[in-house]
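Here are some worked exercises to try with the model open beside you. Take each task first, then compare your steps with the solution.

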Amino acid sequence: MLPAVQNSMLYSKTSIAMKHTLFITGGAGYVGAMLVDQFARRDDVEKIITLDKEPETSLTLNSSQKDKIIYLQKNTSDEGWEDEVKKYNPDVVVHTAWQIRHMYHNEATEWKWNIDGTDRVFDFAFSHPTVKKLIHFSTVASYGAFADNTIDHFYKEEEGFRESGYLYAEEKRISELHLEERYKNAQEKGWQGQVFIVRPAAITGPRGRYDRIRFGLQSALSGNLHGGFAYRIVTLLTSFVPVTSKWLRQYIHEDDVCDIVALFSFNDLEGSYEVFNISPPGDVVLGKDMAEAVGKRTLPIYPWMARVAFFFFWHITRGKIPTSPGSWRGYSYPIAVDGSKLTKQYGYVYKYPSKEAFVKNEGRYKVSL
């Protein structure tokens, strides 16, 4: 069982007399639940309304600050949640809700949940004068994993996104286009709030690794998948760590993610429409580093091998193993980003380098092993 948060949130600089009400989507998700859990502990937070299509998790259900939390089990694409939320006059909206796993042969529903649902969140924020800040979670995956990418090039925010065949990356790219358009329209109508977009590297930490074991790259290679036949096959196939010549990952610690959102939510910052890669400086995690971390040897492969394997497991398991179309590219070609803009603009100093975030059992949700 995870302990309570071990240290108070940073950036608690606003006056306690100023009480904030937040609307956080994705309250049952990995990031959303942590934000609700930690922000509810702040003296300058009066109420948090959180929404998710899934049932509330124990992290917030058993919170010592439960009286501050209002949980709505609804999808962002559902009708009517806006009327419930607006009663509380939130001044900060944080959008983390997303159907990340590609829904096998059900792309229309996924689009409705992700794009239409996200548009509703944007429209809510821009149509209510009490909302002063909108924070939207995007992804570095939308820079695009292509064969001409190099391990030495670190994408900066101004380089923009590229179209790819990976649905998750495409939906996030499109959602940013919709956000920019809606923001410009809202400005013309007099909305004077701020928008902050975060494009995180892979998020990890003790809670992500131990409390929320889910089918992801780190879980698969670490042998933490438990369940049916398909998972046992993947565990067998990853007795070595298959890596392509350009394989790399960047990781950001869950504590850094929460503190960055706190920085945006509770401080008077300059800027109007700000976009940030959030990824710590320093070395990236290469294939050999991944293998060393999980105690295995590397197995060099070519990108076409990854593509064939991903295609096979996607269809033979009908999407249960999430090797969706286009996702093989992220396993074959690098996307490295420069996360220094956040430090240069607002002075944020990352607490955990990428390699430490990936392997160390440290932070607010440190687990007693």
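Helices (H or I, at least four residues) and strands (E, at least two) are DSSP runs, numbered from the N terminus. The model is predicted: local features need pLDDT of at least 70 and side-chain atom pairs count only at pLDDT 80 or more, while totals for chains, interfaces and linings use all residues. Residues are numbered from 1 along each chain as its sequence is written, and side-chain values use heavy atoms, with hydrogens and water left out.

**Exercise 1. Place Tyr-155 and list the partners of its side chain.**

Step 1: find the element. Tyr-155 belongs to strand E6 (residues 154–155).

Step 2: check the cover. Buried means under 20% relative accessible area, exposed over 50%, and partly exposed in between (1.4 Å probe, protein chains only). Tyr-155 has a relative accessible area of 9%, so this residue is buried.

Step 3: look for contacts, meaning heavy atoms within 4.5 Å. Not counting residues up to four places away in sequence, Tyr-155 touches Tyr-143, Asn-149, Arg-162, Asn-277, Ile-335, Ala-336, Val-337 and Asp-338. Ile-335 is 180 residues from Tyr-155 in sequence, yet their C-alpha atoms are 7.6 Å apart.

Step 4: pick out polar contacts. These are pairs of N or O atoms within 3.5 Å; within protein, one must be able to donate a hydrogen and the other to accept it, and residues adjacent in sequence count only if both atoms are side-chain atoms. The side chain of Tyr-155 has such a contact with that of Asn-149 at 3.1 Å, and another with that of Arg-162 at 2.8 Å.

**Exercise 2. Which residues of the largest nonpolar core touch the most other members?**

Step 1: set the rule. A nonpolar core is a set of buried Ala, Val, Leu, Ile, Met, Phe, Trp, Tyr and Cys residues joined through side-chain atoms within 4.5 Å.

Step 2: rank the members. Among the 37 residues of this core, Phe-39, Ile-260, Phe-264, Ile-278 and Leu-342 touch the most others. Helix H9 gives the largest share, eight residues.

Step 3: keep the other core apart. A second, separate core has 24 residues, including Val-140, Phe-161, Ala-291 and Tyr-331.

Step 4: return to H9, which spans residues 254–266 and also holds Asp-259. With 0% relative accessible area, Asp-259 is buried, and its side chain makes a polar contact of 2.8 Å with that of Arg-364.

**Exercise 3. Sort three salt bridges by the elements that they join.**

Step 1: count them. With a salt bridge taken as a side-chain nitrogen of Lys or Arg within 4 Å of a carboxyl oxygen of Asp or Glu, the count is 18.

Step 2: take Glu-82 and Arg-120, whose closest N and O atoms are 2.9 Å apart. Glu-82 is in helix H3 (residues 81–86) and Arg-120 in helix H4 (residues 107–127), so this bridge ties together parts 38 residues apart in sequence. Glu-79 joins these two residues in a network of salt bridges.

Step 3: take Arg-173 and Glu-170, at 3.0 Å from N to O. Both lie in helix H5 (residues 167–188), three residues apart, about one turn of the helix. An α-helix has 3.6 residues a turn, so residues three or four places apart point the same way.

Step 4: take Asp-289 and Lys-355, with closest N and O atoms 3.6 Å apart. Asp-289 sits in helix H10 (residues 287–293) and Lys-355 in helix H14 (residues 354–359), so the pair links parts 66 residues apart in sequence. Asp-289 is buried at 12%, whereas Lys-355 is partly exposed at 32%.
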